[in-house]
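Welcome, and please open your viewer before reading on. Keep the selection tool at hand, since each stop asks you to pick out a few residues.

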Amino acid sequence: PTAEQCIAVSDNKNMAKRVMADILGSPLVLMPFMVGSAAFASLFALGLKGSVAVGAVLIGLAGTLAAAGTFITKFILGKDDRVKQLVEASRDKAKRDKRKALEHFHHRLTMDGDERTETAMQDLRSLRQAFRQLDKIAPDLNRAMIEDIQQRSEELFQQCVSSLEKTLQLWKTAESLASTTARKPILEQREKLVGDVVQTVEHLSRTLASVQGITSRSDGDARLQRLRGELDQSLEVAKKVEQRVDALLTGGRVQNLSGINNPK
């Protein structure tokens, strides 16, 4: 089996375990089982005899069978609903975790004392939300092209967040150096990276305004195609800039930084 197939099998097994644990924790399963277990426990602990012992056995059997029956019924008939609920809960948790991580990172950007990075992050988050609403804002436009533009805008958002993370790393590196000569090439590269992020934010804003300004389906496709191409170009430029910064961060030699700042 391929790696993807192994992962899929593992995910299915984990989901089945989660469904079983969720059903077992249900009050309709748990309560009868506890009553039945308590009845059996009292039978041996108290040394019950005669009709009382028979009653305890019957209660124990009834509770155990009721719990087992409810479990089987829920697992067979309600499995799909349980899986859907667990998947949705997992997605909601992942979204909350990502939102918290993004808010934490946004707060960390205050460390460098550069308002441009904080402002860019705020604008990026607002633009991201607006692009996600494009299908509602422009319902009559080409759906496939709108989805392409949404995808590219999301990729640019992630790229800009990554670049902002790099600006923070560059700032920390510069702060750790003692000499102005050593700090200068790093700060110059950071300045360029910040500028590129600001330009990308402006481009995303213009793209959003252009899409929202399309009112005719007849010429909308051509304009959407052009905007999609422009986003592709911006994404390619952003990736190349980050590659140069990655080289700077992993190069390890300060004397080579000026060469990275001025690539041929």
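The tour below goes from the whole chain to single residues, then to charged pairs and surface patches.

**Before you start**

This is a predicted model, in which local features need pLDDT of at least 70 and side-chain atom pairs count only at pLDDT 80 or more, while totals for chains, interfaces and linings use all residues. Residues are numbered from 1 along each chain as its sequence is written, and side-chain values use heavy atoms, with hydrogens and water left out.

**Stop 1: the whole chain**

Show the protein as a cartoon and colour it by secondary structure. You will find 10 helices and 0 strands (helices are DSSP runs of H or I with at least four residues, strands are runs of E with at least two, and both are numbered from the N terminus). Read from the N terminus on, the elements go α-α-α-α-α-α-α-α-α-α.

Now switch on the surface. Its accessible area is about 16,100 Å², and carbon and sulfur atoms account for 57% of that (areas come from the Shrake-Rupley method with a 1.4 Å probe, and for residues only the protein chains shown count as cover). Of the 264 residues, 33% are buried (buried means under 20% relative accessible area, exposed over 50%, and partly exposed in between, with a 1.4 Å probe and protein chains only).

How many of the contacts between residues at least 6 apart in sequence join residues at least 24 apart? The share is 71%, where a contact means heavy atoms within 4.5 Å.

**Stop 2: along helix 8**

Select residues 180-212, which make up helix 8, and pick Val197 within this helix. Is Val197 buried or exposed? Its relative accessibility is 2%, so Val197 counts as buried. Leaving out residues up to four places away in sequence, Val197 touches Ala120, Cys160, Ser163 and Leu164. Try a distance label between the C-alpha atoms of Val197 and Ala120: they are 7.3 Å apart, although 77 residues separate the two along the chain.

Next, select Gln199, also in helix 8. Gln199 is exposed, because its relative accessible area is 51%. From its C-alpha to that of Ser234 the distance is 9.4 Å, with their places 35 residues apart in sequence.

Then move to Thr207, another residue of helix 8. With a relative accessible area of 1%, Thr207 is buried. Apart from neighbours within four places in sequence, Thr207 is in contact with Phe131, Leu227 and Leu231.

**Stop 3: the salt bridges**

Side chains of opposite charge can pair when their charged atoms come close. There are 14 salt bridges here, each being a side-chain nitrogen of Lys or Arg within 4 Å of a carboxyl oxygen of Asp or Glu.

Show Glu165 and Arg108 as sticks: they form a salt bridge whose closest N and O atoms are 3.2 Å apart. Glu165 lies in helix 7 (residues 143-176) and Arg108 in helix 4, so this pair ties together parts 57 residues apart in sequence. Glu165 is partly exposed, at 22% relative accessible area.

Add Arg190 and Asp112, which pair with closest N and O atoms 2.9 Å apart. Arg190 sits in helix 8 and Asp112 in the loop between helix 4 and helix 5 (115-132), so the pair links distant parts of the chain, 78 residues apart. Both Arg190 and Asp112 are buried. Widen the selection to Asp112, Asp114, Arg116, Arg190 and Glu191, and you have a network of salt bridges.

Finish with Arg128 and Glu154, whose side chains meet in a salt bridge at 2.8 Å, N to O. Here Arg128 is in helix 5 and Glu154 in helix 7, so the pair joins parts that are 26 residues apart in sequence.

**Stop 4: two surface patches**

Patches consist of residues with over 30% relative accessible area and no salt bridge; like charges are joined within 9 Å, and nonpolar side chains (Val, Leu, Ile, Met, Phe, Trp, Tyr) within 5 Å.

Select Leu30, Met31, Phe33 and Met34: they form a nonpolar surface patch with about 390 Å² of accessible area together. Leu30 belongs to helix 2 (residues 27-45) and is partly exposed, at 36% relative accessibility.Last, select Arg91, Lys95, Arg96, Arg99 and Lys100, which form a positive patch. Lys and Arg count as positive and Asp and Glu as negative, while His and the chain ends are not counted; a charge is placed at NZ of Lys, CZ of Arg, CG of Asp or CD of Glu. Arg96 is found in helix 4 (residues 79-108), and at 41% relative accessibility Arg96 counts as partly exposed.
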